[in-house]
Amino acid sequence: MTIAASSLDLSGVLRRVRDHSPFLTTLLDREAPLVEDLEHALADPLAAARAIEGEMGVGRRLRCERRRLAMLVALGDLTGRYDFGAVTGFLTGFADDALDRAIRAAILERTPDQAPRGFAAIALGKQGSGELNYSSDIDPLLIFDPETLPRKAREEPGEAAVRIGRRVVELLQARDPDGYVLRVDLRLRPSPEATPIALPVDAAISYYESQALPWERAAFIRARACAGDVALGSRFLEAIRPFVWRRALDFGTIREIRDISRRIRDHYSQAQAFGPGYDLKRGRGGIREVEFFAQIHQLIHGGREPALRVPATRDALAALAAAGRIDGAEAAALDQAYVTFRTIEHRLQMVDDLQTHSLPAAGAALDNVARLHGEADGAALLALLHPHVVRVGGIYDSLAGEESSHVPGTSETLTRWLSKSEFDQPERAARIVEGWRAGTYPALRSGPARDALEALLPGLLEAFSQAPDSLHAITRFDAMLSRLPSAINFFRLLEAQPALTRLLSSILCHAPTLAEQLGRRAELLDGLIDASALEPMPDIATLAGQMSARERGADYQWQLEHVRRLVNEKRFALGAQIIAGASDPLKVSAGYARVAEAAIEVLAGAAVEEFARAHGRVPGSELVILALGRMGGQALTHASDLDLIYLFTGDYAAESDGPKPLGAVTYYNRLAQRVTAALSVPTAAGPLYEVDTRLRPSGAQGPLAVSLDGFTQYQCKDAWTWEHMALTRARPVFGSSAARAAVQASVTAVLEGARPQRAIAQEAAKMRADMAAHKPAAGPLDAKLLDGGLVDLEFAVHVLQLSHRTAFVPQLRPAITQLVDQGLLPPTMLPAYDLLGRLLVVLRLVAPDAQPPGQATQALIARALGLGDWNEVVESFERTRQEVAACWAQVRAG
């Protein structure tokens with residue numbers, strides 16, 4: 001909030017008040033002594049309002065304070081001394097204090113010998129968000145703790161709480177010549193027609209966890225423990241936080257908010273059109289739509305992003321814009337409009353202290369409000385408001401959208417409708433839709449599920465009709481529905497996000513791997529609800545930060561689940577980037593690797609900490625994880641496993657220092673098993689990675705973890721050529737900086753010459769032949785294993801690296817670049833790597849069997865490779881294979 005050091009001419013404002021506000025004029029006359037020293041009073045209006053001499057009861061004192069504060073806040077507002085934040089802050093601060101004093105008085109009147117505890121008020125609405133208007137009511141939820149609530153002898157806690165609540169309302173709402181304190185509305189509690197005005201805290205928690213209506217979630221975005229036993233109120237809010245901020249959003253809540261908005265527009269239809277009589281709060285493009293816009297986005301993203309869980313509308317808009325969840329220009333426009341609307345709303349209420357939100361319909365009354373604000377007349381006020389109303393209405397309409405058209409119900413008309421929509425084989429598609437409507441699958445057998453389906457169908461079928469193969473898309477969607485235990489939330493999500501529905505259609509058409517994942521976990525689509533999912537994957541540190549975030553009280557198992565959810569969402573989003581044509585497959589490949597490295601960092605760290613609780617740590621020693629293969633080279637596909645070696649530094653004969661000490665070798669082998677399980681064992685959140693540790697010294701016959709000294713000795717004396725080839729792509733991915741450096745130094749020393757002299761090319765050629773015999777290509781598009789594929793290119797690179805002791809870079813493309821620059825590889829190997837690498841990444845998603853896909857998917861592959869059509873893909877693939885095969889033949893010939 002801001003309190004300006006200077007202000008408008010106070011005498012001019014006082015004249016304007018007397019001319020246009022009967023209510024404030026009355027206050028000026030009644031509070032003449034306060035008016036005499038306004039500058040001092042305006043410096044701290046809350047203190048000035050409380051500075052009342054003489055003894056009086058709590059109710060009367062609060063009424064007098066409210067009267068004085070109303071005058072001071074109005075004058076501070078009209079003079080420009082207080083900005084909007086200061087005005088609402090003062091009003092909310094007084095309401096909190098008044099409610100707290102009323103609760104304490106109500107308890108002490110009944111039980112003067114007991115501390116006022118066990119009874120709390122939860123501020124909702126504008127009080128909860130700190131945004132009360134000039135003549136607001138308050139909407140508290142009253143709760144009590146039966147165990148600690150003070151009560152009279154033989155009085156039930158519930159009876160005592162209701163009596164306390166009634167007395168609180170009486171103290172605040174009673175009117176006399178001094179006015180009133182606050183209007184109180186208790187109807188936001190559960191089932192207000194049937195429940196008492198104060199609820200037992202455990203019963204309230206149970207209700208919000210299991211029975212609450214969708215709109216109540218939105219209401220609790222702005223909830224705050226404001227009065228009475230604040231510790232009790234805070235405990236209640238913490239208990240229901242998962243109800244409000246759900247990680248996997250129920251889009252029924254979003255639909256409910258939109259329905260409320262539409263019902264408001266219908267109910268107040270006469271006040272929707274802008275002009276005299278326009279309702280600033282409920283009208284189209286008004287206050288409520290700014291608030292709903294912010295709350296909808298908070299509900300969508302706040303479960304995952306705690307920074308968005310702010311109660312005030314303006315703060316929420318700023319946070320959403322800062323997080324990139326809404327457009328910054330739109331956020332600024334909504335903020336400016338909100339301040340303007342709320343300020344004029346205050347002027348309306350200052351005239352007669354009425355809780356009104358509508359501009360006067362009569363010209364003279366509208367002119368009066370305008371002049372109180374400082375405008376020339378009503379026309380000038382309307383001109384001030386009009387552009388904001390238009391802008392807000394347009395922004396909100398773009399979010400809410402229009403009602404979908406109806407999909408015909410009978411078989412014949414449905415077939416015609418699908419045919420008109422240019423659906424492939426409309427008769428077959430119609431039979432599938434009829435099966436859904438008949439409740440063929442368990443997820444479709446409830447009435448609400450079928451209602452949600454009907455709401456989705458128009459947009460869903462339109463998206464499928466625009467797909468390259470609409471029948472393929474709807475058939476795969478049908479298969480996915482057959483495996484879902486519940487579909488209501490899934491349908492509502494798609495209805496709320498038309499662009500997501502179109503992307504889903506493409507995924508179902510082209511990517512069986514992603515479609516199968518969706519069939520098991522439809523909530524994976526949650527990760528695609530905004531455009532940021534199609535942006536480049538963040539760096540490893542950012543990803544690790546997201547994965548390492550823990551809820552209060554979360555344990556090791558929660559961490560495993562959390563990382564699995566995030567990793568699967570990130571991998572799914574990366575696959576969607578390829579399907580959407582939003583990213584180069586090579587960049588997606590690097591993104592897969594960053595996600596995996598972040599997961600290793602977080603899960604290995606968590607496993608180390610968990611293991612240390614029982615066994616302590618080995619002094620002067622630590623675990624280091626060495627990545628090889630595609631993980632070492634930072635170029636994974638959607639289906640890649642992780643090639644890892646577990647090493648440990650320090651003395652292998654040392655012992656850990658925990659309650660259950662272990663020798664270093666046993667310690668690290670058990671810890672390595674724990675890390676492998678953390679990375680690979682499926683949980684409720686799904687599988688993570690296959691971990692392959694066969695590249696460790698002595699392979700599957702050797703220990704899972706070895707000391708760094710033992711690893712170095714093995715590589716220098718006993719390792720085979722293929723093990724040194726694997727070492728060319730080794731990269732430490734877990735451990736302290738010093739430990740990683742030590743491992744890297746060992747690897748570098750081996751590669752640069754500290755290894756046995758061998759016939760590298762001859763041994764590599766034999767190994768490649770053995771591989772071809774035991775692991776043949778999966779199909780005619782196997783970019784990895786076919787002759788002239790990626791494996792041949794990798795073998796050529798590794799043989800040259802080892803033979804010439806050069807270009808030791810774990811990433812394959814930079815290594816190829818160095819070898820080309822040194823004249824050891826032909827320049828054609830760079831574009832060859834790019835084509836084969838892109839093809840491998842894309843085919844792992846759209847044709848995992850390496851067989852030629854349908855025509856629609858062929859076009860997607862061509863687009864991903866930057867080629868004109870499928871014929872060009874085939875020709876480029878064949879030409880590249882010939883070039884790579886020739887290169888490999890030359891390298892192995894020496």
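Here a biologist asks a modeller about a few parts of the structure shown above.

Biologist: What kind of model is this, and which pLDDT do local features need?

Modeller: Residues are numbered from 1 along each chain as its sequence is written, and side-chain values use heavy atoms, leaving out hydrogens and water. This is a predicted model in which totals for chains, interfaces and linings use all residues, side-chain atom pairs count only at pLDDT 80 or more, and local features need a pLDDT of at least 70.

Biologist: How many disulfides are there?

Modeller: A disulfide is a covalent bond between the sulfur atoms of two cysteines. The rule used here asks for a pair of cysteine sulfur atoms within 2.5 Å. By that rule, the count of disulfides is 0.

Biologist: Is Cys509 buried or exposed?

Modeller: Buried means under 20% relative accessible area, exposed means over 50%, and partly exposed lies in between, using a 1.4 Å probe and protein chains only. Cys509 has a relative accessibility of 4%, so Cys509 is buried.

Biologist: How many residues of strand β8 are buried?

Modeller: Strands are DSSP runs of E with at least two residues, and helices are runs of H or I with at least four, numbered from the N terminus. On one side of β8, Leu642, Leu644, Tyr646 and Phe648 are buried, and on the other Asp643, Ile645 and Leu647 are buried too. Strand β8 (residues 642-648) is therefore largely enclosed by the rest of the structure, its buried residues numbering 7 of the 7.

Biologist: Which residue in β10 stands opposite Phe648?

Modeller: Two strands pair if DSSP finds at least two bridges between them. β8 runs antiparallel to β7 (residues 623-628), with 6 bridges joining them, while β8 and β10 (residues 705-707) pair in the parallel sense over 3 bridges. In β7, Leu623 stands opposite Phe648; in β10, the residue opposite Phe648 is Ser707.

Biologist: Are helices α22 and α25 roughly parallel or roughly antiparallel?

Modeller: Angles run from 0 to 180 degrees between N-to-C directions, with axes fitted to C-alpha atoms, for helices over the stretch in contact; contact means heavy atoms within 4.5 Å. Under 35 degrees counts as roughly parallel, over 145 as roughly antiparallel, 65 to 115 as roughly perpendicular and the rest as oblique. Helix α22 (residues 470-483) and helix α25 (residues 512-520) pack at about 30°, their axes 8 Å apart. That makes α22 and α25 roughly parallel.

Biologist: What is the strand order in the open sheet of 4 strands?

Modeller: Its pairing is mixed. The edge strands, each pairing on one side only, are β5 (198-200) and β6 (224-228). The full order is β5-β3-β1-β6.
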